[in-house]
Amino acid sequence: MALRSIVAGVGSALPVRRVDNAELAATVDTTDQWIVERTGIRARYVAGEGETTATLARDAALKALEHAGVDAADVGLIVLATATPDQTFPSSATKVQAMLGIDDCVAFDVHAVCTGFLYALTVADSMLRTGTATTALVIGAETFSRILDWEDRGTCVLFGDGAGALVLKAEKDGGRGILATRLHADGRHNDLLFVDGGPSTTGTVGKLRMKGREVFRHAVVNLAEVLSEVLAAAGLTSDDVDWVVPHQANARILDATAKKLGLPPEKIVVTVDRHANTSAASVPLAFDTAVKDGRIKRGDVVMLEAMGGGFTWGAAALKY
Ligand code: UT7
């Protein structure tokens, strides 16, 4: 009988420090009103001393393992999505592995910026279904605050730090779990959202640069298309969907995408107001928020989607 990856547990973690728009407006040439009207963001969390992508990932992973009732020792695969690793190498996945006290497993990072979690989920799902491991930790974790240009008001108000994790288990197909995933990339748009540094070019870490309006235009089209594609692949229609957990970049993108697909706004999980855009962490962080506050229940059909630098974009359909 075929195997399917089921979501056994979810978890998330945020830095200690919360920064609201008013606090930001004290040092950046912006206003709470502009940020709320253009993005829906009211606050974000910013990593402090001792908080890194790997420590946030570890904290999210521990909560997901606890929620799943799974021992760290039983994890055979860690796939960690990030564009802000602790170091150029080793991978943050192996750092998390060591922090969890796992002596031997498969562990690596996936890099697809804001779509990273969808890429990581798809890779982990494939590896579970083909027998590489029976239990996987799929993590999205970021500290974008460390690659922001705090002089660029067009970008620095948009992002935050955090982490989210899912525990996946391979099970004999009983109709629940990951039903379908779809991924895309179009590297012709590399120059619309990028970091202007790197180990093989400037030798520095660099800062995030974005042509926001262009990204916005592509996001709505690409996300609506990939959601339709994954619905069809899973044999579902938008009426079957209980919840959409989108990448949290901008409340206006979430509204426009939902409208294009004819999905009512009350089915869209929105956390961008309290977490801002946490890149690869945003989908699992929003998923965990909606599970723990009782919105997403066992048996619900949930769609995940994201779009980010590259461009990369993707979606998944699952029965929780
Ligand atoms: O996660 C990866 C995917 N990323 C995204 O999906 C981001 C997509 N893009 C967006 O969300 C929006 O394009 C932004 C929120 C980034 C910008 O919104 P916009 O409506 O496209 O504004 P804009 O960049 O066209 O700027 C409009 C005005 C400009 O002033 P002028 O030239 O009209 O006088 C900006 O200088 O707003 C000004 N502005 C600001 N004003 C106050 C830009 N940033 C700020 C700011 N505070 N923080």
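These notes cover a sheet, an aromatic pair and a helix in a predicted model.

1. The sheet. Five strands make up an open sheet, and their order across it is β1-β7-β6-β4-β5. The pairing is mixed. The edges are taken by β1 (3–13) and β5 (106–110); each has a single partner strand, so one side of each has no neighbour in the sheet. On average, neighbouring strands are turned by 20° against each other, direction ignored.

2. Pairing at the β5 edge. β5 runs parallel to its partner β4 (residues 77–81), and the two are joined over 5 bridges. One position to look at is Leu80, whose bridge partner in β5 is Asp109.

3. The helix on the sheet. Helix α10 (residues 282–292) packs on this sheet and touches β1, β6 (135–143) and β7 (161–172). The direction of α10 makes about 85° with that of β1.

4. The aromatic pair involving α10. The structure holds 2 aromatic pairs. One of them joins Phe287 and Tyr320 in an edge-to-face arrangement, with 5.8 Å centre to centre and 65° between the planes. Phe287 belongs to helix α10 and Tyr320 to the segment after β13 (312–319), so the pair ties together parts that lie 33 residues apart in sequence.

5. Surroundings of the pair. Are the two rings' residues buried or exposed? Phe287 is buried, at a relative accessible area of 0%. Tyr320 has 5% relative accessibility and also counts as buried, because the cut-off for that class is under 20%. Tyr320 has a further contact to record: the charged end of Arg298 sits over its ring, 3.8 Å from the ring centre.

6. Helix α7, length. Helix α7 (residues 212–233) contains 22 residues. From its first C-alpha to its last it reaches 31 Å, close to the 32 Å expected at 1.5 Å a residue. Just after α7, Gly235 adopts a positive phi of about 70°.

7. Helix α7, buried residues. Which residues of α7 are buried? Among them are Val215, His218, Ala219, Asn222, Leu223, Val226, Leu227 and Val230. In an α-helix, residues three or four places apart point the same way, because there are 3.6 residues a turn. The buried list of α7 also includes Val220, Ala224 and Leu231.

8. Helix α7, packing partners. The buried residues of α7 pack against strands β8 (177–185), β9 (193–195), β10 (208–210), β12 (301–308) and β13, and against helix α8 (251–261). β13 thus appears twice in this note: it is packed against by α7, and the segment after β13 holds Tyr320.

Note on methods
Residues numbered from 1 in each chain as written. Predicted model: local features only at pLDDT ≥ 70, side-chain atom pairs only at ≥ 80, totals over all residues. Heavy atoms only, no water. Pairing = 2+ DSSP bridges. Helix = DSSP H or I, 4+ residues; strand = E, 2+ residues; numbered from the N terminus. Axes fitted to C-alpha atoms, helices over the stretch in contact; angles between N-to-C directions. Contact = heavy atoms within 4.5 Å. Phe/Tyr/Trp six-rings, centres within 6.5 Å; stacked < 30°, edge-to-face > 60°. Buried < 20%, exposed > 50% of the residue type's maximum accessible area, 1.4 Å probe, protein only. Lys NZ or Arg CZ within 6 Å of the ring centre and 35° of its normal. Expected span 1.5 Å × (residues − 1).
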